[in-house]
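Colleague: I should like to learn how to read the features of this model. Please take me through them one at a time.

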Amino acid sequence: MSTVKPRGKKFIARFRVAGFPDKAKTFPTEEKAHKWLKEHEASVTSAGYVDPGNLTKKTFGDLIDHYVKEITLIKPLGESKRFALAAIHLALGSEKALNITAHRLIEYVKSRHEAGAGGVTIGMDIGYIKGVLSHARITNKSINMDAITDVKEFMKRISMKTKSTERDRRPTEVELTAIKKFFRNKKRQKIPMWDIIDFAIFTTMRVSEICRIVWADVNYEDQTVIIRDRKDPKEKIGNDQVVPVLDDAWKILTAQPKTDDRIFPYSAATISTIFPRACEELGIIDLHFHDLRHEGTSQLFEILRYEIQEAAVFTGHKDWKMLKRYVHLRAKDLHFDKYGKRRARRDISPELLLAAA
């Protein structure tokens, strides 16, 4: 309990509240002592400081819950992060917060590996755990972050790859023709995969974006569409981007029946599932639907001859470092035509170029 008591001709104010560090200060008047005590109490309690002694009572699950509660004050968690934190809560939530040591995290890494998780997934888990601990450390400096450094060193020493291998798989014309024919010949095929496959290449959109764009966001005059909440490493929510829809893609878009608010009212998960199944039946090896985005991005440079900042308007990338992961140019496609000129490329509006700059 906080008190103000006289000491000789002065007054000593003592701050004592469970879960917070004690503090005392001397003042010449009782009024000033009470004023300081009131201000100090309001300051430390609003900051949520937790001393080391109180931390011994908390579990790592408590820290995760606190992290999720505060980190979602402005924007919600992404789906993958939400599921990952839930899984981490299940595995480590009952541990005392102070028991999240390097030894315990190394055990966690081993168990995840034995359960079949890859290095990239485990690396993301450690990143999320680091985020929880870092957030808790804002109000509790007794939390030691060395455990994160040590477990990363362990993963490095055992050669666990925590970064995904960049793909350079591009479909051939023969493969694309075979896949589209496969879907056209299926009598019960309700999803127009032949259109979606071409649209994915012509626009470089992700399957989730294709299945999310709506008629209301189509600009018929400018031949553009808005992709809402487009994927971004930092700010996905509210990251709405206007993208050009070139002629080939525009024909596909405008040919779709307006039976729904969405242009392609289908499940992205379903498309991502039936595409590799078709490839398997056709004997096409190691081709993913997302590879179509790589193909489309490469064609922006090879065939349409766009500059980097122009191609970024289509793909949504903010810098060349990220964009180049999707560019897999083929030497044979970089020649000039028989007249010594580059192939003709389509125009793009100055407004879109300015937006990408």
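Colleague: Where is the place of Gly93, between which helices?

Modeller: Helices and strands are DSSP runs, numbered from the N terminus (helices: H or I, at least four residues; strands: E, at least two). Gly93 has its place in the loop between helix H4 (79-92) and helix H5 (102-114). Please note that this is a predicted model, in which local features need pLDDT of at least 70 and side-chain atom pairs count only at pLDDT 80 or more, whereas totals for chains, interfaces and linings use all residues. Residues are numbered from 1 along each chain as its sequence is written, and side-chain values use heavy atoms, with hydrogens and water left out.

Colleague: Is Gly93 buried or exposed?

Modeller: The reading rests on relative accessible area: under 20% is buried, over 50% is exposed, and values in between are partly exposed (1.4 Å probe, protein chains only). Gly93 has a relative accessible area of 7%, and is therefore buried.

Colleague: With which residues is Gly93 in contact, leaving aside its neighbours within four places in sequence?

Modeller: Contact means heavy atoms within 4.5 Å. With those neighbours set aside, Gly93 is in contact with Thr59, Phe60, Gly61 and Ile88. One may also consider Asp65, which is 28 residues apart from Gly93 along the chain, while the C-alpha atoms of the two are separated by 9.4 Å.

Colleague: What can be said of the protein as a whole, in terms of burial and contacts?

Modeller: The protein has 357 residues, and buried residues make up 41% of them. If one takes the contacts between residues at least 6 apart in sequence, 63% of these join residues at least 24 apart. The protein contains 16 helices and six strands.

Colleague: How are two packed helices described?

Modeller: One states the angle between their axes and the distance between the axes. The axes are lines fitted to C-alpha atoms, for helices over the stretch in contact, and angles run from 0 to 180 degrees between N-to-C directions. Helix H9 (residues 193-203) and helix H13 (residues 291-302) serve as the case here: their axes come within 6 Å and cross at roughly 45 degrees. H9 and H13 are therefore oblique to each other; under 35 degrees would count as roughly parallel, over 145 as roughly antiparallel, and 65 to 115 as roughly perpendicular, the rest being oblique.

Colleague: Which residues of H9 and H13 meet?

Modeller: From H9, Ile197, Ala200 and Ile201 meet Leu292, Glu295, Gly296 and Gln299 of H13.

Colleague: Asp198 also lies in H9; what are its accessibility and its contacts?

Modeller: Asp198 counts as buried because its relative accessibility is 19%. Once its neighbours within four places in sequence are left aside, Asp198 is in contact with Lys180 and Ile252.

Colleague: Let us turn to the strands. In what order do E1, E2 and E3 stand in their sheet?

Modeller: Two strands pair if DSSP finds at least two bridges between them. The three strands form an open sheet in the order E1-E2-E3, with antiparallel pairing. E1 and E3 are at the edges, each with a single partner strand, so one side of each has no neighbour in the sheet. From one strand to the next, the twist averages 25 degrees.

Colleague: How many bridges join these strands, and which residues stand opposite each other?

Modeller: Strand E1 (residues 3-7) pairs with strand E2 (residues 10-15) over five bridges. In that pairing Pro6 stands opposite Phe11, and Arg7 opposite Lys10. The two strands form a hairpin with two residues between them, where Gly8 in the turn has a positive phi of about 65 degrees. Five bridges also join E2 to strand E3 (residues 23-27), with Phe15 opposite Lys23.

Colleague: What is the order of the sheet that contains E4, E5 and E6?

Modeller: This open sheet of three strands has the order E4-E5-E6, and its pairing is antiparallel. Strand E4 (218-219) and strand E6 (241-244) are the edge strands, each pairing on one side only. E4 and E5 pair over two bridges, with Asn219 opposite Thr224. Their hairpin has four residues between the strands, and Gln223 takes a positive phi near 60 degrees. Strand E5 (residues 224-227) is joined to E6 by four bridges; here Val225 stands opposite Val243 and Ile226 opposite Val242.
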